[in-house]
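Here is a short note to read alongside the model. Take the points in order, and keep the structure open as you go.

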Amino acid sequence: MTFRSKKPFRIKIKAPISEWARTYDRRILHQDLMAAGIVTVLLIPQSLAYAMLAGLPPEVGLYSCILPLIAYGIFGSSRTMSVGPVAILSLMTAVAVRNLQLPNAEEMVMAAVTITLLVSMLLLLMGMFKLGFIANFLSHPVVTGFITASGIVILVSQIRYFFGVETGSKSTLETVIALISKLHDAHLITIALSIFTLALLVVPRLLGGRYLTRKSQGSGKWSLVGVGIMVKTLPVIAVILTTFIVWLMGLDQKGVAIVGSVPSGLPSMIHLSETLGYWSVDQWQDMLLSALLISIIGFVESISIAQTLAAKKRQRIEPDQELMGLGYANVCAGFSGGMPVAGGLSRSVVNFEAGAVTPMAGIFAAFGVSMVILFFTPLIYFLPKATLAATIVVSTLTLIDIRGFKRTWRYSRVDFASMFTTLFFTLFQGVEIGLLLGVSLSVLLHLYRTSKPHSAILGRVSGTEHFRNVERYDVETDPRLIALRVDESLYFANARYLEDRIYDLVADNTLVEHVILVCPAVNVIDASAIESLEAVNSRLIDRGVAFHLSEVKGPVMDQLQRSHLLKHLSGQVFMSQYQAWLALKKI
C-alpha cells in the first residue's frame, strides 16, 4: 500500500510591487516624485499632531511615517493610498494606553509600541486566513455612530490647547466640566494664536470651493487639482507661520505651550524581548482587546479609502492583501518605535490628486520624512501645541456626520438605535465599550428581526403564473391550499417561529389539505431549521395534511438531500409555485 505525501503547509507572501514595478518608467517616476513631495510636507504636521493626540512624544508620529510607508508600498494593494497615523487610531491608542495607568512617558511609549505589534500580528493573521469579512460585522450605522462620537471626543480633548489650560486625561464629560471650571485661567495669547490658526485653516477651505475654483479657472494660472492640493496643504502653512511667530515674539517665554525638542536621527529598532516581556498577564489582556478593535477599525477605514480611490482609476483592491499590507506596515511601525498606522483620507486624496501613479510615491515620501528627522527637527522646537490641536480639530470636523443620523432616523429606527447606542456609550463610557456595545446591539437587532421573518399567504393573479400576497392583491385562492412564502433564510432563531406560523394557519382552516412552503428567498436552512421542518411534516401527517415545497434554490436543495426531510416528505417538491398550483388543484 502506498501513501501520498501531504504537501507541507506554506504561507505564500505576495508582494504587489512585483506587478507594477515591471512597467515603471521615467514618466511615472516624475509623477510619483511630485506627489511624494507634497505628501511629505503634509505628513509632518499630521504625524506630530496625531502623536500628541495619542499622548505620545512627537517623534513617535514621525517614526510611524518611514518604514511603514515602505512596507505598505511593497505589500499594499492600493496604488495611491497613503498610510500613517490617523485620528481615530490615535484616539484609540491614547485610550488603550491611558487604561493601563502607567507612571511615566517611557512606559507609555513602550505600551503604544506593544499595541502596534499586536495590531500587526492580528492583521497578518486575518490576512493569512482570509478573514477580511470580519469587518462586515461593523454595520454602517455602528461605524457612523462610532466615528462621529470619536470625532466629538477628539474635539473635546483638544479644546484645552486652545485655551492654554490643563484638564488632565479624563472622560469627555469630565473634560468639559474641568474646562468650564478653568476658563478664568485661560491664556489670552494662546487663544489669539488659536483663533489665528483656525482662521488660516478654515477660511481658505470655505473660499477654496466655488470662489477660488472659478477664479483659478478664469485666470488660467491654477488648475482645479492645484487649488484642491493647495487647500489641503494649509496645515503646513499654519505650522510655518505660527512657529515663526512664536520664535520671533518669544511667545514660549510668555506661556504659550510648544512642542520643544524633538530628537534628531532615524529610529532605532526596539529590543523585542525587553518590550514584550515587560507586561503582566492582565496588561496583555487589556492591550490585546484594544489591539483587536484598532486593527478592525483601521482596516475598515483603510479599505474604504483604497476602494474609493481605486474605483476612480478602474483598479482593483484585494481586501485580504490589504490586510497583509497594513499588517506589514504596522510590524515596521512597532519595530521602529511608532504607533498604529492605517490609510489616511486627506493624505491619500492629496496623493491621488497630486498625480501619484504607484506606491513608490509613498516610499519616496518615507525618504522625505527621513530627511526631516535627520536635519530639520530643530525647526520644530517652537511649534505651538495650539497649532497642532487646530490641525486635529479641522481634520476631525469631517468625521462628524449629523446628516447620517437624520437619514438613518427617517429610514430605520432600529438601525438608529444601534447608531445612537454606539454614539452615547463611546462619548460617556469610552471608545472600546461604545464600539463593542454598538456591534453587539446591531447583531442582536439583526437576530431579532430575522427571528420573526416576514411571511405571506399567496394567491394566484388571475390569468397569470404569478402569485402575490393575498393582503395586498386581488388574487385567486383555494380553501384546500395554503401557500406560505417565507422571506428569510431559515435558521435556529426563526425555526420555531415558522413552526408556530404553520400550525396556526392549519388550525384556523379546517378545510386545508395541502400546505406549500414557498422558498424563493430562502438561501440557507441550518440544522435547527431542518429539524423544525421535519417536525412540521410529521405533525401535518397526523392531521391528514400534505406538506409541499416549491421554488427551492439549488444550494438549498443540496442541503435538503443530505437530510431525512425529503425521504419522509408527505408531499412533493415543485420547481415553481405555478406548477404546484396546477398539480394540487387537480387533486
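1. **What is counted.** Helices here are DSSP runs (H or I) of at least four residues, and strands are DSSP runs (E) of at least two, numbered from the N terminus. On that basis the protein has 26 helices and 8 strands. Please keep in mind that this is a predicted model.

2. **Overall picture.** The protein has 587 residues, and 51% of them are buried. Its C-alpha atoms fill a box of roughly 100 × 70 × 60 Å along the principal axes. Take the contacts between residues at least 6 apart in sequence: 82% of these join residues at least 24 apart.

3. **The sheet.** Strands of a sheet pair through backbone hydrogen bonds, either parallel or antiparallel. In this model, 6 strands form an open sheet with mixed pairing. The order is β4-β3-β5-β6-β7-β8. Which strands stand at the edges? They are β4 (467-469) and β8 (573-574). Each has a single partner strand, so one side of each is left without a neighbour in the sheet.

4. **The antiparallel pair.** Strand β3 covers residues 455-460. β3 pairs with β5 in the antiparallel sense, over 3 bridges. To find this pairing on screen, look for Ala456, whose bridge partner in β5 is Arg485.

5. **The parallel pairs.** Strand β5 (residues 481-486) pairs with β6 in the parallel sense, over 5 bridges. Here Ile482 stands opposite Val515 of β6. On to the next pairing: β6 and strand β7 (residues 546-550) are also parallel, again over 5 bridges. Val515 stands opposite Phe547 in β7. Val515 is thus a handy landmark, with Ile482 opposite it in β5 and Phe547 opposite it in β7.

6. **The crossovers.** How does the chain get from strand to strand? β5, helix α22 (residues 495-508) and β6 make a right-handed β-α-β unit. From β6 the chain then crosses through helix α23 (residues 527-542) to β7, and this β-α-β crossover is right-handed. Helix α23 lies across β6 and β7 and runs at about 140 degrees to β7.

7. **Strand β6.** Is β6 buried or exposed? It spans residues 514-518, and 5 of its 5 residues are buried. His514, Ile516 and Val518 point one way from the strand. Val515 and Leu517 point the other way. Trace both sets of side chains to see this.

8. **A helix pair.** Two packed helices are described by the angle between their axes and the distance between the axes. Apply that to helix α2 (residues 26-53) and helix α16 (residues 345-353). Their axes come within 9 Å and cross at roughly 170 degrees. An angle over 145 degrees counts as roughly antiparallel, and α2 and α16 are therefore roughly antiparallel to each other. On the α2 side, the contact is made by Ala35, Ile38, Val39, Leu42, Leu43, Gln46 and Tyr50. On the α16 side are Ser346, Arg347, Val350 and Asn351. By class, the contact has 7 nonpolar, 3 polar and 1 charged residues.

9. **One residue to check.** Tyr328 lies in helix α15 (residues 319-335). Which residues does Tyr328 touch, beyond those up to four places away in sequence? They are Ile13, Ala71, Phe75 and Leu124. Tyr328 and Ala580 are 252 residues apart in sequence. In space, their C-alpha atoms are 57 Å apart.

Methods. Residues are numbered from 1 along each chain as its sequence is written. This is a predicted model: local features need pLDDT of at least 70, side-chain atom pairs count only at pLDDT 80 or more; totals for chains, interfaces and linings use all residues. Side-chain values use heavy atoms; hydrogens and water are left out. Buried means under 20% relative accessible area, exposed over 50%, partly exposed in between (1.4 Å probe, protein chains only). Two strands pair if DSSP finds at least two bridges between them. A crossover is right-handed if, with the strands pointing away from the viewer, the path from the first strand over the helix to the second runs clockwise. Axes are lines fitted to C-alpha atoms, for helices over the stretch in contact, and angles run from 0 to 180 degrees between N-to-C directions. Angles under 35 degrees count as roughly parallel, over 145 as roughly antiparallel, 65 to 115 as roughly perpendicular and the rest as oblique. Contact means heavy atoms within 4.5 Å. Ala, Val, Leu, Ile, Met, Phe, Trp, Tyr, Cys and Pro count as nonpolar, Asp, Glu, Lys and Arg as charged, and the others, Gly among them, as polar.
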